[in-house]
Amino acid sequence: MATVTEKPSKAFSRPKIEHTDCFIDGKWVPAKSGKTFATVCPATEEKIADIAEGDAADVDAAVKAARKALESGPWKSMSARQRGRLMFKLADLIEENFDEIAALESLDNGKPIADSRAADVPLVIQCLRYYAGYADKIHGQTIPIDGNYFCYTRKEPVGVVGQIIPWNFPLLMAAWKWGPALAAGCTIVMKPAEQTPLTCLKMADLAQRAGFPPGVINVIPGFGPTAGGAIVEHRGVDKVAFTGEHLTAQIIMRNAAESLKRLTFELGGKSPNVIFNDADMDAAIKGAHFGLYFNQGQCCCAGSRVFVQEDIHDEFVSRLTAMNRERRIGDPLDPTTEQGPQVDKAQFDKIMGLIEKGKSEGAECVTGGVRHGDRGFFIEPTLFTNVSDDMDIAQKEIFGPVMSVLKFKNMDDLVTRANNTIFGLAAAVWTRDIGKAHKFAASVRAGTVWVNCYDVFDAAAPFGGFKMSGQGRELGEEGLKPYLETKTVTIAMD
Ligand code: NAI
Ligand code: MG
């Protein structure tokens with residue numbers, strides 16, 4: 001993961017909120033209904049701003065603008081290289097506004113500013129630059145077929161894409177979706193999560209300043225069933241890319257059936273993080289702590305099931321307990337904070353409910369398990385031991401700072417248990433034995449496997465899920481494919 005070397009000592013000031021309306025066809029417009037909703041700071045529970053609440057009427061206007069931009073106008077006639085240059089310019093503008101964007105993300109989402117600065121914003125910039133470089137490297141093939149024909153393929157943009165994203169990495173999820181779509185020449189209607197619309201609106205503003213023509217990028221803030229649902233059902237949208245809960249993906253798949261839209265999904269997980277007794281213990285313990293508690297546990301790939309080989313179990317638990325007790329919980333805008341609040345009351349309540357379930361099912365709560373303070377949605381880093389595979393805390397995606405530790409005997413016992421989940425997003429293994437690492441990597445049903453590391457992301461490396469963790473891949477060359485149609489052209493030569 002990218003790192004920021006310069007460490008400011010003072011708390012960041014609250015950034016100005018410039019944009020709260022829908023962004024359609026290059027203009028900032030209120031929702032046609034006139035409705036707004038509040039975006040709230042999860043650390044203080046206070047309203048930050050009122051945001052335009054888009055619905056079907058606004059989505060329709062955005063889709064029409066995106067269609068027009070796709071089929072006529074400067075975007076269609078622009079060279080691929082020129083598209084890439086606009087994307088590089090957008091990345092530069094984000095870099096120029098680095099601290100302001102990081103602070104805006106931390107204010108709206110609650111994540112520590114140290115994380116926004118070290119992870120979110122650098123990865124956004126990297127992703128946009130990676131796909132900017134791809135724009136002029138997308139091309140078809142010539143194909144030798146029988147007979148006297150010249151046959152070739154063209155790679156064309158899939159069209160108008162609807163992109164629905166969650167709140168855990170608001171700007172990064174927007175970049176993962178804009179990057180391949182823009183490189184491919186698509187036009188975009190994006191709905192940010194209702195909890196965290198601010199940085200996506202800021203990026204739309206920067207995109208306009210970078211020179212993207214009107215209608216290429218449209219942003220409709222609003223709620224899932226209304227604004228999101230309208231994107232999924234709209235006949236003018238060719239493809240939907242969604243990141244969020246698997247249950248929402250099921251609704252989207254049903255609602256998209258009528259128009260047979262192309263769909264890609266990046267969904268949740270219950271990722272196994274496996275520690276063998278021959279691992280570098282210091283690295284494994286730090287990796288397990290980071291792999292789960294990073295971003296308040298609100299990561300689709302969080303290492304929430306930590307399998308520890310039985311003879312090192314007690315040492316692992318006692319050292320992790322000490323780390324949890326030292327974790328600095330507090331103001332997201334304070335650069336020394338390590339853990340902020342959960343994103344909203346609904347998530348807080350869901351997590352607390354699962355913690356109670358874990359206790360009632362007989363798991364032992366070694367640290368945390370309780371709210372931190374009395375203002376904001378903070379939860380103490382929670383560690384459960386004596387967890388068995390069938391408990392809710394070992395099966396359900398908690399999406400909070402709650403780790404379940406499970407003992408295992410050997411590799412044979414382990415693999416079946418690691419795969420005993422509906423999900424298959426990520427997995428990790430800690431061992432000095434390279435054979436064991438490869439064996440585990442080959443046997444685990446997961447889209448990403450980390451060996452002696454966790455949460456290593458790069459725009460060039462594909463990411464996505466097996467099983468109910470998703471369909472298709474984001475990032476890398478694979479991430480581009482869902483944004484392209486292949487057209488085969490065959491020409492008689494005589
Ligand atoms: P969600 O899946 O409901 O929300 C994600 C996005 O989908 C938001 O923009 C939301 O407005 C939109 N949406 C919701 N219902 C929709 C619908 N019917 N049609 C179209 N769009 C719709 O996730 P939510 O409710 O915020 O969180 C619930 C749980 O989902 C979390 O506790 C966590 O377990 C999981 N989750 C997983 C994420 C991941 O990165 N894989 C991200 C966020 C949540
Ligand atoms: Mg939901």
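Of the 494 residues in the chain, 58% are buried, and this figure, like every other value in this report, is computed from a predicted model. The secondary structure comes to 15 helices and 20 strands.

The overall dimensions can be considered next. The C-alpha trace spans about 75 × 60 × 45 Å along its principal axes. A compact globule with 494 residues would have a radius of gyration near 23 Å, and because the chain has 23 Å, its value agrees with that expectation. Among contacts between residues at least 6 apart in sequence, 74% join residues that are at least 24 apart. The chain exposes about 19,500 Å², of which carbon and sulfur atoms supply 52%.

We now turn to the aromatic rings. A pair of aromatic rings is described by the distance of the centres and the angle of the planes. In the whole structure, a search finds 18 aromatic pairs. One of these is formed by Phe23 and Trp28, whose ring centres lie 4.7 Å apart and whose planes stand at 45°, so the pair is tilted. Phe23 is buried, with a relative accessible area of 4%, whereas Trp28, at 23% relative accessibility, counts as partly exposed, because the range for buried residues is under 20%.

Phe169 and Phe294 form another tilted pair, with 6.1 Å from centre to centre and 35° between the planes. This pair links distant parts of the chain, since its two residues are 125 residues apart: Phe169 lies in the loop between strand 7 (160–164) and helix 6 (170–184), and Phe294 lies in the loop between helix 10 (281–293) and strand 13 (305–309). Phe169 is buried, with a relative accessible area of 10%, and Phe294 is also buried, with a relative accessible area of 8%.

Ring pairs can also join into a group, as they do where Trp176, Trp450, Tyr454, Phe457 and Phe463 are linked into a cluster.

Aromatic rings appear in a further kind of arrangement, in which the charged end of a side chain sits over a ring, as with Arg83 over Trp75 and Lys239 over Tyr483. The table lists these cases.

| Charged residue | Ring beneath the charged end | Distance from the ring centre |
|---|---|---|
| Arg83 | Trp75 | 5.9 Å |
| Lys239 | Tyr483 | 5.1 Å |

Conventions
Residues numbered from 1 in each chain as written. Chains lettered and ligands numbered in written order. Predicted model: local features only at pLDDT ≥ 70, side-chain atom pairs only at ≥ 80, totals over all residues. Heavy atoms only, no water. Phe/Tyr/Trp six-rings, centres within 6.5 Å; stacked < 30°, edge-to-face > 60°. Buried < 20%, exposed > 50% of the residue type's maximum accessible area, 1.4 Å probe, protein only. Helix = DSSP H or I, 4+ residues; strand = E, 2+ residues; numbered from the N terminus. Lys NZ or Arg CZ within 6 Å of the ring centre and 35° of its normal. Rg over C-alpha atoms; globule rule 2.2 N^0.38 Å. Contact = heavy atoms within 4.5 Å. Areas by Shrake-Rupley, 256 points an atom, 1.4 Å probe, with all protein chains shown as cover.
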